[in-house]
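Let's work through a few exercises together. Have a go at each one before you read its solution.

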Amino acid sequence: MAVGLSFSGGGITGLLASTCVLNSLNTQFDTFSTNDLAFSTTSGGTIGYGIFTNAGPPGTDAMYFPEYDTSMSYDDANTELTGGKDYWFANANSYLEFTASPKPTAKHRDVALTLGANETETAGTSAAMHKAHSRMMGLGSALPSTSGWWRLAIDTCFYLGYGIHDYDITPGTRDWYVNMGLLKQNGCPISLDSDGVYEDASGKLWLAVMDMVPGTIANPQGYAVTDDVSVLDAMSYSSAFWVASIVESSAQYLLLSNTLMSASAKKDGTEKDFYWTDGGFVDTTGVVAHLQQQTSSIVTFYNNNDDLTELSAPWSFLFGVMGGGTDTMNHIEGPTLGQVFADSSLWDDVYTNLTDGSILRATLSNVEIIENSYLGTTAYTLDSLVIISNQYSDEFIDSFTDSQIKSKLDANFPNKFDVALPTLDANVLCMMQDYKVQTYADELKTALGL
């Protein structure tokens with residue numbers, strides 16, 4: 001495999017941004033939809049890729065994406081535009097709540113039990129989905145419920161948001177690698193150190209990568225998952241952000257461990273019990289799956305819902321740099337286990353370019369990759385790495401002639417939204433992805449072999 005494209009995790013921001021990048025690349029490059037590319041995704045990026053693959057490819061004419069237009073008025077930018085198509089790209093805003101609920105209330109638990117007992121089996125019907133969705137939104141935050149609630153939420157999003165039944169969801173025909181985490185049940189609840197690092201990760205928390213087209217799952221530690229995992233399952237496991245607040249709290253684990261999604265995996269005849277976790281627990285960027293394949297050229301869009309100046313761990317740890325540490329759900333294995341790039345000194349320049357709003361891009365050539373048995377990489381030379389970030393950019397925002405667009409953007413724009421984006425911010429976020437693709441079109445064309 002020669003060329004890889006990855007989409008990071010990042011909650012609703014990562015989800016929406018990945019769909020917009022894919023649309024922009026399809027629009028910008030005639031050969032993008034047919035070129036021999038491999039994709040890797042984590043968490044929100046996984047759901048976004050799944051939505052685009054099923055509802056957004058050229059020829060379906062189902063989803064509308066606002067393209068970068070400096071003359072767009074505030075009124076248009078603040079409207080759920082459809083452009084004569086069936087679905088606004090950001091309909092997921094209405095059906096998924098990406099916020100960890102650190103202290104689930106009795107109300108959460110009561111509705112969870114009712115939802116799990118009465119509606120899971122009939123979730124394929126529109127009435128049940130509307131009912132489930134209305135209950136989830138009524139809680140005002142992520143809903144910890146019986147095991148499978150998050151799968152139902154994603155199913156609801158696909159059907160009500162984009163008209164796709166669960167039985168019609170497909171991985172497509174192109175190579176697609178999805179990051180998920182496997183956490184040993186006998187290691188829970190877990191404790192993080194003052195830097196947010198899980199010191200027992202080497203023996204308890206592992207990366208699992210699902211090759212979506214054949215449906216096979218690889219794990220560097222050699223465990224074979226014995227459960228059947230569907231495309232919808234994989235999307236729900238990869239994006240299970242809410243697991244963090246449960247497994248990292250003794251009280252919540254005691255109360256809510258039954259809501260976690262279990263997995264069985266076997267090695268040398270011995271079977272172990274695991275929980276599925278968000279893939280970002282081990283690799284938020286999605287780039288590791290490509291490195292495992294010794295991909296020669298990688299383009300990665302980093303759209304995490306965290307400002308890089310406040311949380312750089314998803315990238316700095318890959319360079320073996322601690323920086324300011326991590327939080328409760330991004331690369332919690334730390335920089336020692338998580339390093340894949342041999343030259344740590346490269347990080348400072350990468351960070352500078354990614355956090356500069358006038359650049360938003362870092363490029364590296366002839367990068368030495370180290371052998372990392374924990375993440376499953378072997379030593380080789382990566383010819384090209386292009387990282388495109390999602391930091392605030394005055395150059396982009398000031399390019400609009402209607403000054404109301406800038407003045408009325410939410411203070412969290414573009415990378416601090418834990419929950420649904422306001423309509424204006426969603427549309428501007430999408431135009432920002434198109435802006436970046438247009439700005440670096442020549443580099444992207446070369447790096448992606450288009």
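A residue counts as buried when its relative accessible area is under 20%, as exposed when it is over 50%, and as partly exposed in between, using a 1.4 Å probe and protein chains only. What you see is a predicted model, where local features need pLDDT of at least 70, side-chain atom pairs count only at pLDDT 80 or more, and totals for chains, interfaces and linings use all residues. Residues are numbered from 1 along each chain as its sequence is written, and side-chain values use heavy atoms, with hydrogens and water left out.

**Exercise 1. Find the disulfide and say where its two ends sit.**

Step 1: Start with the rule, which asks for a pair of cysteine sulfur atoms within 2.5 Å. By that rule you get 1 disulfide.

Step 2: The partners are Cys 20 and Cys 430, with 2.1 Å between their sulfur atoms. The angle about the S-S bond is -110°, making this link left-handed.

Step 3: Now place the ends. Cys 20 belongs to helix 1 and Cys 430 to helix 17 (residues 423–439), so the pair ties together distant parts of the chain, 410 residues apart. Helices here are DSSP runs of H or I with at least four residues, strands are runs of E with at least two, and both are numbered from the N terminus.

Step 4: Check the cover. Cys 20 is buried because its relative accessibility is just 2%, and Cys 430 is buried too, at 3%.

**Exercise 2. Is helix 1 mostly covered or mostly uncovered, and what is its span?**

Step 1: Helix 1 takes in residues 11–28, and 16 of its 18 residues are buried. That makes it mostly covered.

Step 2: For the span, the expected value is 1.5 Å times one less than the number of residues. From first C-alpha to last, helix 1 reaches 26 Å, close to the expected 26 Å.

**Exercise 3. Describe the surroundings of Gln 391.**

Step 1: Look in the loop between strand 13 (380–388) and helix 15 (394–397); that's where Gln 391 is. It counts as buried because its relative accessibility is 5%.

Step 2: Its side chain makes a polar contact with the side chain of Asp 307 at 2.7 Å. Such a contact is a pair of N or O atoms within 3.5 Å; within protein, one must be able to donate a hydrogen and the other to accept it, and residues adjacent in sequence count only if both atoms are side-chain atoms.

Step 3: A polar atom of the Gln 391 side chain also lies 3.0 Å from the backbone nitrogen of Leu 308.
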